[in-house]
Amino acid sequence: MKDVDKSFRKDTETEIPLREELQPRTVTAPDGQKIEIDPLQDYFCQEPPKVHKQSYLKIVEDFYNWARANSLWILGFGTGCGAIEMRPLMTPRFDAYRYGIQWRPTPRQANLLVISGYLSVKTLKRAIRAYEQMPSPKYVMGLGSCTINGGMYWDSYNTIKKLDEYLPVDLYIAGCMPRPEALLAGFMELKKKIRKGEGEGANKYAENFDWYKANQKSVIKDWDMPDYNW
Amino acid sequence: MMRDLYDHMKTRYRLGDLTEQRANLAFVDVAQDELRALLVELRDVHGFTHLVLLTAVDWIEEGRFQLTYMVNNRTANLTLGLRVYLDRKSPVGNTIHDLWPTAATYQRELREMFGISFPGSPRVDEEFILEGWTDMPPYRRDFDTLAYSQQTYAERGGRETHDPRDHMQKKLYPEGRP
Amino acid sequence: MTFEWIQIAYAALTLFIVINYGLIMTAVVRKIGARVGGRYGIPVWQNYIDLVKNFALRSKISHGVMFYLGPVFRLTGGIGLLLFVPTIYGSVMFQNFSFAGDLILALYFIFFGTLGMALGAGESGHPLAAIGVSRGLAQVTAAELPLALAVFAISLQYQTLNITEIVAAQQGSIFNWTLFTNPVATVAAMFAFVGTMMRSPFDVVIAPQEIPIGPPTEYHSAYLALMQTNRVLFPVAKVVIYMNLFFGGATNWAEFSIKVFSIYMVSVLIGVVHPRFRVEQSIRFFLKWGLPVGVLAILMV
Ligand code: SF4
């Protein structure tokens, strides 16, 4: 692999201006009153995520974990090539429904975010938003070598190379592209983890929130959303 | 067919040589100021109604960009590529979004990826697929994408790359080539 | 009618039975659908797991009071519908709080849940939820028209607004059912039935592939669990009304479950063979076909 090229330096100076509708401004109301608006502060809630405790009783938590493991709802959000391998899971041949796996259309009802391939910076922004809107406990699965170390997009100017820098990943499935069988095996593995009580990605995210945010902001230059979207 | 058309047009336009790739595919260099007239005539008189693509090539050694307008005549199954050269220092193309509305999208992409501007094209200065891009346009050849990605994105260690040819040679003939 | 405290316990029991019945029935129906498609299908207890899971989620986000009340209203609609209709005819335990004129109340309750949902989803502030709700309300309104007309027709026919009496009039032989004594009204009501069961072809409002999922877009965890409960309770309650009005009611739980299942299957069968209608298409459909049949039913009585 080529070493870092010394002659080319990326531009780190230029700043992206905030989108116009997000800039702080003063609005004059019809009755002549002046109102200061800072959309990022006023329109969104700025509270960082909380670490959620487990139930007090071990047995209750175990029961909950069992239910969570057997009712994995996937957010129907596809990135990269891998999204195409998720569709066969619904067909008679693979039929993921029998394991309690379902696809949900909104992040609010999903527990599992499958990052199904390379993430460009633009998509990463959406993926982060979607992840943060999911109710905890939530899980992230990275599919394919692109999410692990960049895969064949290792030298691309616009895709991230290591997903766990930006989101707390519970499980990777290797392959380019992982077959649906591999996906099913991954789901089974994830179920085992959840049942053992190791699926605490959301809490990990909340604990290391600043680190994750710093990483995310280092690649997403036009950060035009609140720090935590929910 | 192509040859006839070329000879017919040659009398009135400053055209370069005709490069015939196949019987129904040919390329020709045209002058930038005549491009529009030529496209209109091809579209309205000679039946080249479909704009297949509009793309650019960065000839960094020669200091110029090449724009390729590919138009297609469906009934006669002919494809003609018109090549226009722009100065690399200040590349300004002529917008043709009023001839083919799809061209506006191509021009937006070229603006973002190569930094070629097309004054008058709708929404040409808005972001197209990159968001918050601050560096030089990434398809220019002096943009080093590997260096950029190494300076920007976190990497996971332990990555190995094999040249497929060497790898297979070593595997098949471990003692060197027979 | 006298009121006794024990009735509350009985009503709770009815509710319990019906919810479990609904949970299992919807799962079985999905399973049948899967089997028809050559899949193994979900386990029949999947609905229970989903319920527990949704209650077990840790973070809940509220968007205001109405956001809470949306699912609650919805569930109230379902429970109310169930409780004011005699579930089992002739049984002291399960005839619930039916009284004279309950038919009108039932009609109201069918609508109540959707209205509550509209308020809740509006509060969530999600634009897609608002679109979904307005589409849902439009469609439900159009679909209810034939039902209302059919209900008028049969209340004229039996000269009463009391569901118990209507059921009583249908006892004896299968040919006493409204299905046979007043087929036109039944047909009109069945239009409304398939229209409000939220199954294809009239489920564009909540279909996951459409504007994401319509009203419940923002609902999650316990709110969603409440709505799930209602999702299984409400169809059963609605089917109970239809069973009482048109199919002779039920005199015991076995008859109840068989009848409910088969009436439910009507909408399922129609659903699996038809693609989805868009909202304006389905409204037009109800006004064009459902409404005339309803009017005809009134005229024939
Ligand atoms: S790992 Fe392979 S298949 Fe998956 S997104 Fe990357 S290139 Fe595509």
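**Interfaces and cavities in the predicted model**

Arg156(B) and Asp164(A) are joined by a salt bridge between their side chains, with N and O 3.1 Å apart. The model is predicted. This pair belongs to the contact between chains A and B, across which four salt bridges are found. Another salt bridge links Glu131(B) to Arg126(A), with 3.0 Å between the closest N and O atoms. The pair crosses between chains: Glu131(B) sits in the loop between helix 3 (103-113) and helix 4 (145-152) of chain B, and Arg126(A) sits in helix 4 of chain A. Side chains of opposite charge can pair when their charged atoms come close. Over all chains, the count of salt bridges comes to 26.

The interface of chains A and B brings 36 residues of chain A into contact with 29 residues of chain B. The two chains bury about 3200 Å² between them. Carbon and sulfur atoms account for 52% of that area. Polar contacts across this interface involve 13 residue pairs, with both residues at pLDDT 80 or more. On the side of chain A that touches chain B, helix 4 (121-133) and helix 5 (144-149) of chain A each supply at least two residues. Helix 4 of chain A has the largest share, four residues. By class, this side of chain A comprises 12 nonpolar, eight polar and 16 charged residues.

Chain A also meets chain C. Here 30 residues of chain C are in contact with 32 residues of chain A. About 2600 Å² is buried between these chains, 59% of it on carbon and sulfur atoms. Three residues, Arg39(C), Lys53(C) and Arg58(C), supply 28% of the area that chain C buries against chain A, more than any other three residues. One salt bridge is counted between chain C and chain A. Arg39(C) forms a salt bridge with Asp95(A), and the closest N and O atoms are 3.3 Å apart. Seven residue pairs, both members at pLDDT 80 or more, are in polar contact across this interface. Helix 2 (46-56) and helix 9 (221-246) of chain C each give at least two residues to the side of chain C that touches chain A. Helix 2 of chain C gives the most, seven residues. This side of chain C divides into 14 nonpolar, 10 polar and six charged residues.

Internal space was examined next. Six cavities of 30 Å³ or more are present in the structure. The largest cavity holds about 90 Å³ of space. Its lining comes from chain B: Met2(B), Leu5(B), Tyr6(B), Met9(B), Leu15(B), Leu18(B), Val28(B), Leu38(B), Leu42(B), Leu80(B) and Leu82(B). Helix 1 (2-10), strand 1 (15-22), helix 2 (35-44) and strand 5 (78-87) of chain B each give two or more residues to this lining. Helix 1 of chain B gives the most, with four residues. The lining has 11 nonpolar residues, no polar residues and no charged residues.

The second largest cavity holds about 70 Å³ of space. Chain A lines this cavity with Val121(A), Asn158(A), Val219(A) and Lys221(A). Chain B lines it with Glu131(B), Gly132(B), Trp133(B), Tyr148(B), Thr152(B) and Tyr153(B). By class, five lining residues are nonpolar, three are polar and two are charged. Glu131(B) thus appears both in this lining and in the salt bridge with Arg126(A).

Definitions and conventions. Residues are numbered from 1 along each chain as its sequence is written. Chains are lettered from A and ligands numbered from 1 in the order in which they are written. Side-chain values use heavy atoms; hydrogens and water are left out. On a 1 Å grid over the protein atoms alone, a cavity is a set of points where a 1.4 Å probe fits but cannot get out, and a pocket is an open set with protein on both sides within 12 Å along at least five of seven lines; lining residues have an atom within 4 Å of a point. Grid points are joined across faces, edges and corners, and a volume is the space filled by probe spheres set on the points. Ala, Val, Leu, Ile, Met, Phe, Trp, Tyr, Cys and Pro count as nonpolar, Asp, Glu, Lys and Arg as charged, and the others, Gly among them, as polar. Contact means heavy atoms within 4.5 Å. Buried area is the accessible area (1.4 Å probe) that two parts lose on being put together, summed over both. A polar contact is a pair of N or O atoms within 3.5 Å; within protein, one must be able to donate a hydrogen and the other to accept it, and residues adjacent in sequence count only if both atoms are side-chain atoms.
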